[in-house]
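Student: I've got a model open and want to talk through a few of its residues. Can we go through them one at a time?

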Amino acid sequence: MPNEEGLLHLKNTSPVVSKRFHKVLIANRGEIAMRVMRTAHELGLKTVAIYAYEDRLNMHRYKADESYQIAPEGKYTPVGAYLAQDEIVAIAKERNCDAVHPGYGFLSENAEFARKVEAAGMRWVGPRPETIDDLGDKVKARNVANACGVPVVPGTDGPIEEIEEATEFCNKYGFPVIIKAAMGGGGRGMRVVRKAEELAESFERARSEALSAFGDGTVFIERFLDRPKHIEVQLLGDGKDNVIHLYERDCSVQRRHQKVVEIAPAPTLDESVRDAILADAVKIAKHVNYRNAGTAEFLVDSRGHYFIEINPRIQVEHTVTEEVTGLDLISLQLHIAAGWSLNELHLSQDRVSVRGFAIQCRVTTEDPAQGFQPDTGKIEVYRSPGGNGVRLDGGSGFMGSIITPHYDSLLVKLTCSGATFEKARRRMLASLVEFRIRGVKTNMWFLQHLLTNDVFMKGDCWTTYIDDTPSLFAVTKFRNRATKLLNYLGDVVANGCRIQGLVQKPQPGLQEPVIPTLYDAQGNVIDVTQEPPKGWRDVLLEQGPAAFAQAVRQHKGVLIMDTTWRDAHQSLLATRLRTHDMERIAKTTSHALSNAFALEMWGGATFDVAMRFLHEDPWDRLDRLRKLVPNIPFQMLLRGANAVGYTSYPDNVVYEFCKQARNHGVDVFRVFDSLNYVENLRLGIEAVRQANGVIEATVCYTGDVTNPAKHPKYTLEYYLDLVDELVALDIHVLGIKDMAGLLKPRAATMLIGAIRARHPNLPIHVHMHDTAGAGVAALMAAAEAGADIVDLAVDSMSGTTSQPCMGAFVSALEETESDTGVSFEAVQALNSYWEQTRLLYSCFDPGVKASDTSVYLHEMPGGQYTNLLFQAQSLGLGTRWGEVKLAYAEANRICGDLVKVTPSSKVVGDFAQFMVSNHLTGDEVAERAATLSFPKSVVEFFQGYLGQPVGGFPEELRAAIIRDAPRIDTRPGATMEPLDFDQLRRDLEDKWGPGSIRDVDLVSAALYPAVFDEFQSQRQKFGDLSLIPTPLFLTPLETNQEIQVQLEVGKTLIIRYIALGPLQTATAKRDVYFEINGEPRIVTVDDLSVQPEVKARVRADPKQKNQLGAPMSGAVVEIKVAVGDKVKAGQPVCVLSAMKMETVVGAPADGVIENLDIAINDALSAGDLICSVKTD
């Protein structure tokens, strides 16, 4: 049946439609307009909608049979259009309407408008104009109540216009008081005043709000009752001396005097009080021969009940009454307006009964965590609940809807019913959980807290319950994972991959690597989903660090550590390997390398790079991989007193870092110092000991012990003495860290053999890079000389600047006394995965194709070699790479021949690039040092921020470089004050939200404050990007390409990319169209290839306490200061109006207004800069 035929049937069979009553204009918008239309259509009536220009996209406009713009654009404000009485009446007359339904708010309680409607020959769907005069005005309503003998709250005898009258009342009755708009409701024009000094400002704001919302600034004052219940009675009269009640509603849950949750009937109201309230409500309505629907409102406390007012209109919360009585209030309104009596409607008091309970929650676009600030924007996702006992009344809630700051923040009314209050409550909670709204902030998390609070569950709430219960505001973060991931995928579609460190464009069309199959010695497939074999971590967990170390020492054979998950990709791929690709191979690795000493997978550069460039949380990486590999120890690189940073930190930061790392799964801590400075090492060692980790104290190797004449500082005796100092600190394992690959086979034999002879029970672990190509031979020599553990990388991730080849070493020692216990076939299986992975990451590969024996001259660490090559190319020095290497050696020489590993290697590298860029030789640097502007890292090194180098500083050069800067000649962190972690948490939660900061986040922020802030910003925008497969992380989707992203076990998103929209030149944005789980979805992204035509407003920097940002979106309606004015913190700067709510914005600090970036009627978004204050 076509729609027209359906509507015609409804009309022809309607008992209410007649020649004089067939078409109704709804003088309202949004939800209530839609509500009236639905019932009007059910009754066969035609509907006419009106709208302001700013409201032209609202759903009520096109749901009506006809719709008309109230006035030309700009004639009225967005709210003012709905208050334009003459224009609205003219539209109704011109379109031959028989009736006007005012809804609630706007003109619904305006007697003058009602008279104009009736004077034009139309029906007013509401009380008579004179009744509105008597009851719509709260002052007159009090007089009616007094005449009926109904108790009222003490208040002014009539409306007041001057502050002196308000002061006189307060002097007589005391505080607190409440100022109310005489006209209207919904909490508009209401202010509670508890102190005399707040009276004048609150009085002015209440009058201004009332005038803006209702066109009438009249107010009155009442004594404010503490903790009363707000009970209202639904009334219905036919204007023929017949009045009934439809029982009561409990509307006590409010904020800013606007109802948030309503319940019918009131669950805990005493029966005698209920009967008295119902009787008083009917008494007042009969006194004025009430016509149509209305609501009598009362406050109830321990001493009794007090009449407040009658709202002569339909209420927002009428839905709960409909659900428990089975009556359609809008239908009854229209019938009565058409002339029907209650008798003709078969309604009498004895025929009205209540069945069960109903609860209504107002879902609004407000942020309860920010004082219920209204939010604006586009709804990106709207997925509503449904089912038995679930009702939705909305008007602007749909995907793509634009929420503006012009109107009320109500998005949708959710009403749930049940046989008992508890059943209705549980149904409501389940519906809120099911609801999905994205793109704008809502109060749904707050409503969930409310519904699960003990006080609400007992039905004992009062009117200030929300303000009195801070626990309701414990923020629940909605993850919004799908939309955030779409934001990233859309950004890549529009702008390509923007991950820093690319040396070439990512190759399109690459697939995720295939996970290999493992076989046991008999050729059977190994099921890697099953628990892996026990490994060395089981020994550690069962026996503790000391016994673990001795078990390693007593083990027959050489153990290996796989560096593929950390140092290998740091050296080859700029540390860009993502968690996703490690996770995919993790279970296979737990079986293939079950006899490995450890997996090096954390710490060092991976920590900050994960946040800085990959937008991943390093702690999440650790947690996730630990669950997948329970049997193999995890090793991390700890830079002694520098933790995983590039500078010194307060001691308690290092201790806390080690504690958290151990708790989250790190077992072995390779503790080193970039200068072999024992005092820095000592701090790291003690921090690991306190965390109960395995202490692998490490000697960084440089020079050549076989050639003391060439390297007189780094002799065999030097290293043996250093080892003795470390052993005296009660370490578990000794690490030898050859950062550059300088350890030749003969040197390995000498060094390891001498250490073994001196310390026969000490486990020795050798790490080296393979830049020169002699790595496997050197490690073989080390093993033969007594090393217990060596570091290797899977074949395709080995060699050159990475670690020596695992397959070669494992194969060479098979079936010997030094057998590694790792299957060569298993290594080859892993290698097949990493071959594909390295190709996937080839866009980060700087192209070091072969060994480079010049490392014996420049001594550049392997990880730095590739990074410095990339940096040189970025700085335009790529063609001068040979010069850079020579300059590196020269910079090392004039620094005094350093141990070179992060961060000391960075000092030498920065120095080298500085020399090449400025065409300086070492001698020229020495001559001109007092006048040159050196890199910051070089200056801080010579100051002593990294510690004391072997043999001390070259003092003459040091003095010339640091000049008047302070010198540090002891451990840098020793004099630092402990970090106040509690204060840091408060600061971070102020910025990122209450409850949002974990203990590990505090550590991340302490080590890398700026990087952590940027990471948090990226995560808020894009979510957890580690969930996205790497091909999609690096390359844009193809049109109609469908992908799957697993959010968690059992939850998978199916995403299809549809199209990239045209450029919006004004904003330089594009819409990107997707389908997600079959539903259309649009995200808007910046096109970074162009500049917007419209200049964006300056944003306030939340870290600058002297900058004042807009607390919410809204229009500037009043400015109270000028540039140059002196202000006190909190002093009013301006007044913002949003959704008919005014907010006074106070100065952020004492000082002078330095700049004022606003004007009257400016539209601000939350966070836009209002002004800056120059402080003393």
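Student: Is Lys737 buried or exposed?

Tutor: This is a predicted model, where local features need pLDDT of at least 70, side-chain atom pairs count only at pLDDT 80 or more, and totals for chains, interfaces and linings use all residues. Numbering runs from 1 along each chain as its sequence is written, and side-chain values use heavy atoms, with hydrogens and water left out. Buried means under 20% relative accessible area, exposed over 50%, and partly exposed in between (1.4 Å probe, protein chains only). Lys737 has a relative accessible area of 4%, so this lysine counts as buried.

Student: Which modified residue does UniProt list at Lys737?

Tutor: Lys737 sits in strand β28, residues 733-738 (strands are DSSP runs of E, at least two residues, and helices H or I, at least four, numbered from the N terminus). UniProt positions use the numbering here, feature names are shortened, and annotations may be inferred rather than shown by experiment. The entry is unreviewed, and the feature it gives is N6-carboxylysine.

Student: Which helix gives the most to the largest nonpolar core?

Tutor: A nonpolar core is a set of buried Ala, Val, Leu, Ile, Met, Phe, Trp, Tyr and Cys residues joined through side-chain atoms within 4.5 Å. The largest one has 157 residues, and Ile736 is among those touching the most other members. With eight residues, the top contributor is helix α16 (residues 481-495).

Student: How many residues are in the second, separate core?

Tutor: Leu869, Val884, Val907 and Phe911 are included in that core. Its total is 38 residues.
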